[in-house]
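Please open the model in your viewer, with the sequence panel alongside, and follow the stops below in order. Each stop names what to select and then describes what is found there.

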Amino acid sequence: MTLPPELQPPQPVQKLSSEWPIWGKLQRNDEGGVSAIHSLIDHMLDVAACFIAMTECEAIRRALNTTAGRALQASDLQRLAVLVLLHDIGKCCPGFQAKYWPESVARKLGWPVHSGHGAEGWTLFESDDPRALVVVQGLPLTAMNDWGEAVLTLLHASISHHGKPVQVKHNSQDWAPVWQAGQLIYDPAAAVARIGQTCLDVYPLAFKVVDAELPDSPAFTHIFAGLVQLADWLGSDTRDGFFPYSLPGENRALSAPDRARYAVRVIGLDVLAQRLAVNQQPPSFFQAFDLPGARPMQAAMSAKDLGPVAILEAETGSGKTEAALWRFLHLFQRGEVDSLYFALPTRVAATQIHQRVRDFASRVWPAGTPLVVRALPGYEAADEALPQRLPGYRVLWSDSPGDAQSERRWAVESPKRYLAATIAVGTVDQALLAALPLKHAHLRHAMLARSLLVVDEVHASDAYMTALLEQLLRAHVACGGQALLLSATLGAVARSKFLSIGTARRSAAPTLLEALRQPYPALSTQVGGFAQVRTIEGNPRHKEVSWHLLDEIDQPERIAARALEAAQRGARVLVIRNTVPAAVATLRALEALLEAQDLSDELLFKVNGIATLHHSRFSRQERPLLDDQVQAQMGKQRVSPGGRILIGTQTLEQSLDIDADLLITDLCPMDVLLQRLGRLHRHARPSAEQPGDVRPMGFETAQAWVLTPAGHDLTPLLKRMQHGLGPLRSKGKSLDGVYLDLRIIEATRRLIAAQPSRQIPADNRLLVEQATHPEGLDLISKGLGEAWQQFGQEVDGSTAAKASLGGLQALAYTQGFGEHPFPEAGEQLATRLGAADRLLVFGDQGPPVGPFGVPVRQLAVRHHQVPRGLSPDAEATDVGPLGEGSGFAFSWGDARFRYSRFGLERLTIAVEGGEGQ
């Protein structure tokens, strides 16, 4: 009987196992039929060639050598290439080959149920199933056993190339030959034998007898695992310039290496050309930054004796970003790093720094400029081009580039590939994902090993994130990586922990007295295994800040009146509230005051003529408008004279170039307050560019008015958070909160009350240590009585629990590959503790228009605004414009929302839990 066309096997009809076209990849036509086949062996050769090409990159080879404890030889690399080639051996499984047809069709033809290839491949080496034992004999196992005890573990890492360790699958039928009507139509043993012969033919050095065995350290295996994951991803890319399906008669063993070297170079892993360029004509500081010269703090970054972890502490606005880029450039020139990842605490900060890094790269490399990736999921960019996701993991770029330009942007086409870029700027979360047992963590770790990892605002991390960062840095340093931590307000206890990373000893935390004696600004590093804090000069500009307390944190009307009075005197007034509701209430109170006095709203911060404020609950499409206007109206080059009032939350305290005359701020921890004070008198006025721009009378000295609860008494907050201060209590959970530790808040309040003015940055060290050092906090709680002591114990317990959780959840790169379990389906790990926010996506067809006239495609919704029990797939309904045509409203689940000039507001059902920024 003749089979119908859809049941026909590949043509010509294959009968013998040796003739079956062992396929690794398929292309299907619109009807679901197979239109093209890529040989499994050819795909294996592609991926192995990618691995070899990557090992030719200086930083990747250094990471391998460092974790191996010796320099790898050509025989080592070929042995590793064999193990990489075998990454997809599970595809020889009949259940996988049966995917040539739909499952129902395959069963009719005598093929088994469809299967995967990861667990099936690992089963060949870890199972005592007789069928598997027969199949695996087609590989040169006797010779491979001479490679050392690490072979099996490294093979496990290779077969686990989809991002997490695979487990053995116990099924005696997986590797059974396929028979039809008494004829053998597919024998997996013959397929594996062909692969084994390919290994012998292509990588003969691997089977040459040498004394050295393959490295067996866990750190080496983890790096190898990440490289295999990247090699497979790159070797699976079928675009024309990379690895399209083999042509008839093509010898892939000969063509794959050239393809691999091209791919590795074009995506930014191979940086030899860029290194030669900056070494032949080393750029000056002026060329790199368009600045007259390096400050001593920045010049210190070129030193060759800095350890793998360096910490730069200097005041806000002193030029730490340029210092970090200057260090990257010198490490890059010396071949100590091949890439840069600039990690920031927030998306806003990353967006701001991205442009500055792009400017730096274009000045340093006027020709052949490396791509600078904005590594923000949902808001990524490659230089200025933006991606649009298409089906089948394809990407359409906003500028419709040619193939070559598209190839350069390979790293930005998936968040898991961001760290493969030569230069990337994003949030610290993208780096921390390499520290958690999540899919493709090893890929991130291996790519980060090439980089100078710059972590900005390290003080902004909580205990959980700090624990993850410590684990990440340990793994990073262990494979030869470099790190630079930036902070305006890092405490001595945290600094001592970071500086102990990579050393055999951990120094004791300094006492409060010792901490107070440390210099500021400072450059800290490891010398001979010991921490060293060096005195450096930061910003030559110093400022006196006059500050005082106002117990009006609950009175938005009073706050509005004070801001208005100062603005009417010509001051640029920055109002920072700890929560969005307080910020919105302040703007509403200010507008009501203007209306009551029949005054113009010309003093208000506006975007496209619309009065608004700045916080995190605006769309990703409109945040750039807000940021640009903040800097235009409150930055270095003010667009118009006179007073102005800008109201917002923590989004204003870092990264944005704000130069205010007066700061009105809620009480907050001292380290955060110093960040906010950094927005005062940030630039000299008058200046050469604007000789007529002077500070208004009465504001010649920077002023800060700090808002506290009634009577300046924080005791009522011990029970319940208000205005972001104090604990958010949830049954059965650790204490949480925006600014949880009231001992730090009280210490900050006392320091403000103790002295009417401070010298910044001269007093920074004293202020931070006295407000955050454990010794000082213990004295405060003891002095305030039993309730405060009990609260302090709760906070310390919560902090310890979060740090312990971070340590427990972090991926242990010191353990063997596969020993640390990855989460089961449904179990979630995150780089930040707390309930997860949601991203609401509006359709590309006619998205609603926001208050500033921009179509809104995405809205981040804070976790406490999300309706209970809302399905992950729930979409917005009843979307319609607001009556005044400024924004829109929509339903989501059982709640109604409004998106207007005040940001996103939930209109129904009271908000549960904390208030975001």
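Begin by selecting Ala-441, His-442, Leu-443, Arg-444, His-445, Ala-446, Met-447 and Leu-448, which are the buried residues of helix H20. This is a predicted model, and in it H20, running over residues 441-448, is mostly covered, with eight of its eight residues buried. To see what lies over these residues, add the elements that cover them, including helix H2 (58-68), helix H11 (218-235) and helix H21 (463-478). Helix H19 (428-432) belongs to that cover too, as do the strands E6 (339-344) and E12 (451-455).

Next, select Ser-158, a residue of helix H9, which spans residues 150-159. Ser-158 has a relative accessible area of 0% and is therefore buried. If neighbours within four places in sequence are left aside, the residues in contact with Ser-158 are Leu-83, Val-84, Leu-86, His-87, Phe-224 and Val-228.

Now display helix H13 (residues 272-280) together with helix H16 (residues 320-333), whose axes come within 9 Å and cross at roughly 105°. Because of that crossing angle, H13 is roughly perpendicular to H16. On the H13 side of the contact, show Gln-274, Arg-275, Val-278 and Asn-279, and on the H16 side show Leu-329, Phe-332 and Gln-333. Sorted by class, this contact of H13 with H16 holds three nonpolar, three polar and one charged residues. Keep Arg-275 and Phe-332 on screen for a moment, since the charged end of Arg-275 sits over the ring of Phe-332, at 4.7 Å from its centre.

A further arrangement of this kind can be brought up by selecting Arg-588 and Phe-902, where the charged end of Arg-588 sits over the ring of Phe-902, 3.9 Å from the ring centre.

The following stops concern aromatic rings, for which the count comes to 21 aromatic pairs. In one of them, Phe-285 and Phe-289, the ring centres are 4.7 Å apart and the planes stand at 50°, so the pair is tilted. Both residues lie in helix H14 (residues 285-289), where they are four residues apart, about one turn of the helix. Phe-285 is buried, with a relative accessible area of 6%, and Phe-289 is likewise buried, at 9%.

Move on to Phe-618 and Phe-852, whose rings have their centres 6.1 Å apart and their planes at 35°, so that this pair, too, is tilted. Phe-618 lies in the loop between strand E19 (610-611) and helix H26 (623-634), and Phe-852 in the loop between strand E24 (838-841) and strand E25 (858-861), so the pair ties together parts that are 234 residues apart in sequence. Phe-618 counts as buried at 3% relative accessibility, and Phe-852 counts as buried at 6%. Extend the selection to Phe-842, Phe-888, Phe-890, Trp-892, Phe-897 and Tyr-899, which together with Phe-618 and Phe-852 form one aromatic cluster.

For the last stop, select Leu-549 in strand E16, which covers residues 543-550. Is Leu-549 buried or exposed? Its relative accessibility is 17%, so Leu-549 counts as buried. Apart from neighbours within four places in sequence, Leu-549 is in contact with Val-706, Thr-708, His-712, Arg-749, Ile-752 and Ala-753. Finally, add Gly-196 and draw a distance line from its C-alpha to that of Leu-549: the two residues are 353 residues apart in sequence and 77 Å apart in space.

Technical notes
Residues are numbered from 1 along each chain as its sequence is written. This is a predicted model: local features need pLDDT of at least 70, side-chain atom pairs count only at pLDDT 80 or more; totals for chains, interfaces and linings use all residues. Side-chain values use heavy atoms; hydrogens and water are left out. Axes are lines fitted to C-alpha atoms, for helices over the stretch in contact, and angles run from 0 to 180 degrees between N-to-C directions. Helices (H or I, at least four residues) and strands (E, at least two) are DSSP runs, numbered from the N terminus. Angles under 35 degrees count as roughly parallel, over 145 as roughly antiparallel, 65 to 115 as roughly perpendicular and the rest as oblique. Contact means heavy atoms within 4.5 Å. Ala, Val, Leu, Ile, Met, Phe, Trp, Tyr, Cys and Pro count as nonpolar, Asp, Glu, Lys and Arg as charged, and the others, Gly among them, as polar. Buried means under 20% relative accessible area, exposed over 50%, partly exposed in between (1.4 Å probe, protein chains only). Rings of Phe, Tyr and Trp (its six-membered ring) pair if their centres lie within 6.5 Å; planes under 30 degrees apart count as stacked, over 60 as edge-to-face and the rest as tilted. A charge sits over a ring if NZ of Lys or CZ of Arg is within 6 Å of the ring centre and within 35 degrees of the ring normal.
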